[in-house]
Amino acid sequence: MKILLAIEDSSCSDAAVEMVARRTWPAGAEVRVISVVKPFAPLASAPSRPAVEFFDEAEVAEQRRARAAVERAAHRISRNKRPVGRLKITTEIFLGSPKRIIIEEAERFGADLIVLGSHDRLSLERRLLGSVSQVVAAQAACQVEIVSTCQHV
């Protein structure tokens with residue numbers, strides 16, 4: 001069985017990681033932990049040089065946070081001993097649209113299951129475009145499990 005675990009640096013993703021870590025998977029199962037960083041883009045059509053550098057630095061910082069999150073997730077999953085053997089775990093960071101990349105990576109990986117957390121936010125973007133979890137659940141060619149344990153703040 002191949003499981004694609006799509007995370008970010010959030011408590012909702014932590015809940016999804018914990019669910020994958022605690023579940024007993026069949027022998028030979030693989031988990032691919034990914035995080036997708038949205039590219040930072042200036043709002044103006046011709047930003048000044050300092051603005052461009054700011055967005056580049058912000059993007060690099062987000063990629064570092066994403067890398068730390070997938071490494072923590074892989075470590076947490078690998079700590080759980082299973083009677084059927086250890087899971088094969090791989091990680092990767094992507095830059096782009098989370099909705100698109102999660103679906104594409106699941107197909108490329110041959111995922112049987114996608115696991116991701118849900119923020120349960122009611123933002124304007126979510127109302128207009130759908131949340132990442134909603135879009136992935138609607139468009140993925142495999143099963144999708146959305147872990148929703150986050151509280152509204």
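This briefing describes the fold, strand pairing, burial and salt bridges of one protein chain. The model is predicted. The protein has 153 residues, of which 41% count as buried. Its secondary structure comprises 5 helices and 5 strands, and the order along the sequence is β-α-β-α-β-α-β-α-α-β.

**Overall fold and surface**

- Among contacts in the protein with a separation of 6 or more, 81% are between residues 24 or more positions apart.
- The accessible surface amounts to about 8,800 Å², and carbon and sulfur atoms account for 53% of that area.

**Strands S1, S2 and S3**

- S1 and S2 are paired in the parallel sense, with 6 bridges between them.
- Leu 5 has Val 33 of S2 as its bridge partner.
- Between S1 and S2 the chain passes through H1, and this β-α-β crossover is right-handed.
- S2 and S3 also run parallel, joined by 8 bridges.
- Opposite Val 36 stands Phe 94, a residue of S3.
- Of the 8 residues in S2, 7 are buried, and the strand is thus mostly covered.

**Helix H1**

- H1 consists of 12 residues and spans 16 Å from first to last C-alpha, close to the 16 Å expected at 1.5 Å a residue.
- Its buried residues are Cys 12, Ser 13, Ala 15, Ala 16, Val 17, Met 19, Val 20 and Ala 21.
- Ala 21 belongs to H1 and counts as buried because its relative accessibility is 0%, under the 20% cut-off.
- The C-alpha atoms of Ala 21 and Leu 87 are 9.7 Å apart in space, although the two residues are 66 apart in sequence.

**Arg 32 and its surroundings**

- Arg 32 is a residue of strand S2 and is buried, its relative accessible area being 11%.
- Leaving aside residues up to four places away in sequence, Arg 32 touches Ile 3, Leu 4, Leu 5, Thr 90, Thr 91, Glu 92, Phe 94, Glu 105 and Phe 109.
- Arg 32 and Lys 88 are separated by 56 residues in sequence and by 8.3 Å in space, C-alpha to C-alpha.
- One of the contacts of Arg 32, Glu 92, is also its salt-bridge partner, at 2.4 Å from N to O.
- Glu 92 lies in strand S3 (residues 88-95) and Arg 32 in strand S2 (residues 30-37), so this salt bridge ties together parts 60 residues apart in sequence.
- The two partners fall into separate accessibility classes: Glu 92 is partly exposed at 30%, whereas Arg 32 is buried at 11%.

**Other salt bridges**

- The structure contains 10 salt bridges.
- In one of them Asp 9 is paired with Arg 72, with 2.9 Å between the closest N and O atoms.
- Asp 9 sits in the loop between strand S1 (2-7) and helix H1 (11-22), while Arg 72 is in helix H2 (residues 49-79), so the pair links parts 63 residues apart in sequence.
- Asp 9 is partly exposed, with a relative accessibility of 37%, and Arg 72 is likewise partly exposed, with 45%.
- A further salt bridge joins the side chains of Arg 108 and Glu 105, at 2.9 Å from N to O.
- Arg 108 and Glu 105 are both in helix H3 (residues 98-109), 3 residues apart, or about one turn of the helix.
- An α-helix has 3.6 residues a turn, so residues three or four places apart point the same way.
- Arg 108 is exposed, at 57% relative accessibility, whereas Glu 105 is buried, at 5%.
- Asp 9, Glu 62, Arg 65 and Arg 72 form one network through salt bridges that share partners.

**Points to check in the structure**

- Glu 105 can be viewed from two sides: it is among the residues that Arg 32 touches, and its side chain forms the salt bridge with Arg 108.
- Leu 5 likewise appears twice, as the bridge partner of Val 33 in S2 and among the residues touched by Arg 32.
- Phe 94 stands opposite Val 36 and is also among the contacts of Arg 32.

Notes
Residues are numbered from 1 along each chain as its sequence is written. This is a predicted model: local features need pLDDT of at least 70, side-chain atom pairs count only at pLDDT 80 or more; totals for chains, interfaces and linings use all residues. Side-chain values use heavy atoms; hydrogens and water are left out. A salt bridge is a side-chain nitrogen of Lys or Arg within 4 Å of a carboxyl oxygen of Asp or Glu. Helices (H or I, at least four residues) and strands (E, at least two) are DSSP runs, numbered from the N terminus. Buried means under 20% relative accessible area, exposed over 50%, partly exposed in between (1.4 Å probe, protein chains only). Two strands pair if DSSP finds at least two bridges between them. A crossover is right-handed if, with the strands pointing away from the viewer, the path from the first strand over the helix to the second runs clockwise. The expected span of a helix is 1.5 Å times one less than its number of residues. Contact means heavy atoms within 4.5 Å. Accessible areas come from the Shrake-Rupley method with a 1.4 Å probe; for residues, only the protein chains shown count as cover.
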